[in-house]
Amino acid sequence: MKKIIAVDGPAGAGKSTVSKICAARLGYTYIDTGAMYRAVALKCLLSGKSVDENLIGDIDIRLDNSARVFLDGREVTKEIRTPEVSRAASDVAKFGFVRKKLTELQREMAAQGSVIMDGRDIGTQVLPNADLKIFLTATVEERARRRFAELKSKGLAADLAQIEKEITLRDKQDSEREIAPLAQAVDAILLDSTHLTIEQVVAEILRLAGV
Ligand code: CDP
């Protein structure tokens, strides 16, 4: 039977890392909705234009089984992970017409089979009937440390204090926007990963999923 798991939470809580592992263990498809907002943001940055209905109308965003991301046919998996794109993603995510388009694509993807989808509004807006909803969080200090380590491991320049500032700002922007803000669904289970390992979070989600 088709099952749906929704994982929401603030930046750097570990959503994509644990969702990817859970998807592999469960044989579900992993859908990273943040990557889709990042792809829209990258398209704007590359074109030098601000987001409009034209830019979004014929956008082609694809996620494959290896979590690679393609924008208009070109692989952009690495390019969308820079701090500049993170900021721009949060900016484009405010617009109703952007959210409408990506929500449609996300629902189409979820209709294909069992999925674990992560983002900000999955349990509240995109898939309100999900079988299991997780709200994954951690302190801002811990989330900044994780993002710092992630950027370093990719050989990218990183400054811990700067990352913490940017994460705080992005969380505020994501939580305070008018349309589909970052929020815990009333029926979501809160999981604080501050003192948990990746494996512990994965084990808890699988337990909650009844595996
Ligand atoms: O990986 P990280 O947690 O830093 O961010 P992400 O999940 O890749 O999302 C990047 C940005 O896209 C977020 O800051 C949100 O503004 C936006 N986003 C959203 O509005 N709704 C979603 N379902 C997913 C991401």
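## A walk through the predicted model

Asp-187 sits in the loop between helix 8 and strand 8 (189-192). The model it belongs to is predicted. At 46% relative accessibility, Asp-187 is partly exposed, because exposed residues must be over 50%. Lys-2 lies 185 residues away from Asp-187 along the chain. The C-alpha atoms of Asp-187 and Lys-2 are separated by 20 Å.

Next comes helix 9, which spans residues 198-208 and contains Glu-199. Glu-199 has a relative accessible area of 42%, so this residue too is partly exposed. Its partner for a distance check is Ser-16, 183 residues apart from Glu-199 along the chain. Between the C-alpha atoms of Glu-199 and Ser-16 there are 13 Å.

Now turn back to helix 8, which covers residues 160-176. Helix 7, residues 140-153, meets it. The axes of helix 7 and helix 8 come within 9 Å and cross at roughly 120 degrees. That angle makes helix 7 oblique to helix 8, because roughly perpendicular ends at 115 degrees and roughly antiparallel begins over 145. The crossing of helix 7 past helix 8 is right-handed.

Which residues make the contact? Helix 7 brings Val-140, Glu-141, Arg-143, Ala-144, Arg-145, Arg-147, Phe-148 and Leu-151. Helix 8 answers with Leu-160, Ile-163, Glu-164, Ile-167, Thr-168, Arg-170 and Asp-171. Sorted by class, the contact of helix 7 with helix 8 has 7 nonpolar, 1 polar and 7 charged residues.

Thr-33 takes us to helix 2, residues 33-47. Is Thr-33 buried or exposed? Thr-33 is buried, because its relative accessible area is 2% and buried means under 20%. What is Thr-33 in contact with, leaving aside its neighbours within four places in sequence? The residues are Gln-106, Met-117, Asp-118, Gly-119 and Ile-122.

The last stop is a pair of rings. A pair of aromatic rings is described by the distance of the centres and the angle of the planes. The structure holds 1 aromatic pair. Phe-95 and Phe-97 form this pair, with ring centres 5.7 Å apart. Their planes stand at 40 degrees, so the pair is tilted: stacked would need under 30 degrees, and edge-to-face over 60. Phe-95 has a relative accessible area of 38% and is partly exposed. Phe-97, at 23%, is also partly exposed, because buried means under 20%.

Terms used
Residues are numbered from 1 along each chain as its sequence is written. This is a predicted model: local features need pLDDT of at least 70, side-chain atom pairs count only at pLDDT 80 or more; totals for chains, interfaces and linings use all residues. Side-chain values use heavy atoms; hydrogens and water are left out. Rings of Phe, Tyr and Trp (its six-membered ring) pair if their centres lie within 6.5 Å; planes under 30 degrees apart count as stacked, over 60 as edge-to-face and the rest as tilted. Buried means under 20% relative accessible area, exposed over 50%, partly exposed in between (1.4 Å probe, protein chains only). Axes are lines fitted to C-alpha atoms, for helices over the stretch in contact, and angles run from 0 to 180 degrees between N-to-C directions. Helices (H or I, at least four residues) and strands (E, at least two) are DSSP runs, numbered from the N terminus. Angles under 35 degrees count as roughly parallel, over 145 as roughly antiparallel, 65 to 115 as roughly perpendicular and the rest as oblique. A crossing is left-handed if the near helix is turned anticlockwise from the far one by less than a right angle, and right-handed if clockwise. Contact means heavy atoms within 4.5 Å. Ala, Val, Leu, Ile, Met, Phe, Trp, Tyr, Cys and Pro count as nonpolar, Asp, Glu, Lys and Arg as charged, and the others, Gly among them, as polar.
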